[in-house]
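Please walk me through this model, strand by strand and loop by loop. I would like the sheets explained before the unusual backbone spots and the domain records.

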Amino acid sequence: MSKLSDIAVKVRSKNAGPFWLTVDIFCGTPEVFSQVCASVTSARIAEVLKADPAVVDRYEMASLNVLKLSLPRPAIQGTREDRDMHGASFAALVAELDV
Amino acid sequence: MVKVLIPSGALGLGYDRAALARGISENPDIIAIDGGSTDSGPHYLGTGTSKYARGSTKAEWRELMEARAEAGVPLIIGTAGTCGADSAVDWLVEITREIAAELGMNVKLAVLKSGQRPDALIDALAQGKITHLNPAPEISEDVLASCSNIVALAGAEQIQAALDTGADIVIAGRTTDTAIISALPLARGCHAGGVWHGAKIGECGALATTAPNSGTILIEFDADGFTITPMGAEARATPHTVSAHMLYENSNPDILYEPGGHLDVTGAKYVALDDRRVRVVGSEWVVSDRYTVKLEGARLAGFQTVSLVTVRDPRYVANIRAWCDDIVEKATEKARTRVGEGFEIELRLIGLDATLGELDTAAKSGTEVGVLGMVTAPTEALSREVAKVLNPYLLHHPLTEEEEMPTFAFPFSPPEVNRGAVYEFCLNHVLELDDPMDAFALTVEELGA
């Protein structure tokens with residue numbers, strides 16, 4: 001079993017405005033892209049980010065070998081509950097997924 | 001054809017001077033730069049201030065004003081002063097006046113303000129002209145009235161109105177990132193899908209190239225699409241760097257909503273013209289039936305005082321969570337007896353899970369843990385008072401009653417730091433307008449004359 005970070009080129013998370021978080025998984029090759037799309041389900045993303053699977057938007061971008069997932073931020077940016085103003089650290093949770 | 005020169009992703013970020021000079025030698029039709037975004041958090045909109053130092057903003061803005069004078073074309077900045085609130089616009093206008101005076105420069109300046117009056121928005125809410133986006137915080141008259149600043153994001157129409165004044169420099173409050181780039185090529189009849197797509201690719205400067213720190217890029221818009229050329233000597237744009245930029249800080253990589261419609265890049269084709277330039281065609285602009293502008297608002301969420309202690313004792317590090325839970329309980333109880341209710345004490349464990357909190361199921365500590373105490377209260381005095389009740393626990397709290405009083409490491413004295421007012425974003429809504437200029441104010445002045 002590998003971690004996603006072992007096979008993907010890069011896993012990135014960023015704010016998409018104060019209310020949304022977006023996660024980009026750069027797979028590098030069509031083979032890794034297929035493997036990642038099959039393994040990294042929206043339900044698994046929802047589980048690691050403790051979100052409702054129904055609110056996870058999913059974009060499988062074969063032309064870029066990128067799987068993109070967007071969801072409402074775990075806490076609205078900059079509220080007392082928010083721990084990461086720019087949202088970049090959530091990527092670590094995704095990168096550590098077994099694939 | 002319209003050439004837009006973009007010096008960098010934001011004023012204050014810096015750029016490669018040689019790249020800017022090369023851009024000016026390409027005879028651009030306009031120089032456009034972004035001045036901010038929400039990405040640095042609600043403090044800036046809450047207070048109506050800039051996150052960048054005045055000195056570095058002035059130094060870069062002076063260089064751009066000189067470059068503009070050399071090129072003899074308009075210079076435009078959107079979302080001035082990080083947040084684009086009226087006070088942040090005034091701040092940059094004042095800097096601009098100083099520079100013009102220092103350089104002895106004659107400049108026609110157009111100022112577009114995006115600040116919204118709460119009472120006008122309360123009326124718009126009652127008339128059903130404010131619609132929520134997803135996810136939507138609850139709004140009401142009270143929420144609107146409680147905001148310290150509300151701005152509307154201007155689109156291409158309002159920027160065109162500012163350019164139509166014949167201004168040399170346009171300082172705009174909050175705009176969409178793309179509007180300052182798209183306004184002129186749209187006004188001159190370039191392909192609308194290509195214009196909005198090129199504006200999105202260009203809004204972060206050289207981020208869509210292989211050398212993001214080189215800053216400056218040139219985008220040429222025409223009747224079918226756009227071409228991106230990096231101005232940095234080492235920078236290259238490739239179909240991959242350009243198409244991948246649609247992902248960046250964008251929840252939907254195919255669609256971008258703007259006032260008056262949306263961009264759809266599903267059909268876009270990216271072609272390498274050579275090893276550093278990319279041409280893009282096939283993007284579509286879809287006009288909406290309503291003209292709406294997005295609203296951003298920030299309001300006071302209390303006052304905060306933070307304290308920091310570091311813990312190196314292995315037994316305390318091993319039991320750090322239990323130690324912190326006990327401190328929160330005891331300090332909260334004690335503070336309640338002294339100052340009453342209404343405050344919150346939170347301890348974050350730096351070196352364990354301060355970054356991700358309960359999401360971090362793999363968290364484990366090393367040899368030491370930093371404990372960040374955060375006290376939030378309705379007044380500044382109360383937040384400081386509660387922090388002072390918390391401090392002795394952070395310094396001396398024992399894990400058990402049967403041990404000698406321990407002492408932990410305060411890195412400075414006093415251990416508490418007053419963060420002052422804290423703000424929160426409270427709007428994710430759009431406002432419908434009959435006329436695009438309805439929510440915006442445009443003024444013109446001559447500097448140096």
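Strand 1 (residues 2-6) and strand 2 of chain B run parallel and are joined by 2 bridges. Strands here, like helices, are DSSP runs numbered from the N terminus, with E over at least two residues for a strand and H or I over at least four for a helix. Two strands count as paired if DSSP finds at least two bridges between them. Within this pair, Leu5(B) has Ile31(B) of strand 2 of chain B as its bridge partner.

The model is predicted: local features need pLDDT of at least 70, side-chain atom pairs count only at pLDDT 80 or more, and totals for chains, interfaces and linings use all residues. Residues are numbered from 1 along each chain as its sequence is written, while chains are lettered from A and ligands numbered from 1 in the order in which they are written.

Strands 1 and 2 belong to an open sheet of 10 strands in chain B, with the order 12-13-9-8-1-2-3-7-4-20 and mixed pairing. At its edges are strand 12 (269-272) and strand 20 (441-447) of chain B, each of which pairs on one side only. With direction ignored, neighbouring strands of this sheet are turned by 20° against each other on average. Such angles are taken between axes, which are lines fitted to C-alpha atoms (for helices over the stretch in contact), and run from 0 to 180 degrees between N-to-C directions.

Strand 7 (residues 169-172) of chain B is covered on both faces. Ile169(B) and Ile171(B) point to one side and Val170(B) and Ala172(B) to the other, and all of them are buried. A residue is buried if 20 or more other C-beta atoms, placed from the backbone, lie within 10 Å of its own, exposed if 12 or fewer do, and partly exposed in between. Strand 7 of chain B pairs with strand 3 of chain B in the parallel sense over 3 bridges, and Ile77(B) stands opposite Ile171(B). Strand 7 of chain B also pairs in the parallel sense with strand 4 (residues 107-113) of chain B, over 4 bridges. There, Ala110(B) has Val170(B) as its bridge partner.

Helix 4 (residues 86-103) of chain B lies across strands 3, 4, 7 and 20 of chain B, at about 130° to strand 3 of chain B. Contact between two residues requires their C-beta atoms, placed from the backbone, to lie within 7 Å.

Chain B has another open sheet, in which 3 strands follow the order 10-11-14 with antiparallel pairing. Strand 10 (255-258) and strand 14 (284-287) of chain B each have a single partner strand, so one side of each is left without a neighbour in the sheet. The twist from one strand to the next averages 20°. Strand 11 (residues 261-264) of chain B is joined to strand 14 of chain B by 4 bridges, and Leu263(B) stands opposite Trp285(B).

Next come some backbone exceptions. Most residues other than glycine have a negative phi, and most peptide bonds are trans. Thr82(B), in strand 3 (residues 75-82) of chain B, has a positive phi of about 70°. Thr82(B) counts as buried, with 28 C-beta neighbours inside 10 Å. Asn27(B) has a phi near 55° and sits in the loop between helix 1 (17-25) and strand 2 (30-36) of chain B. Asn27(B) is exposed, with 12 other C-beta atoms within 10 Å.

Two peptide bonds to proline are cis. One joins Asn134(B) and Pro135(B), with omega about -5°, and Pro135(B) lies in the loop between strand 5 (130-132) and helix 6 (141-146) of chain B. The other runs from Ser413(B) to Pro414(B), with omega near -5°; Pro414(B) is in the loop between helix 13 (380-396) and strand 18 (416-425) of chain B.

Finally, the domains. An automatic or database assignment divides chain B into domain 1 (2-114 + 153-291 + 433-447) and domain 2 (300-426). Taken over C-alpha atoms, the centres of these two domains are separated by 43 Å. Each of the two domains of chain B gives 4 residues to the contact.
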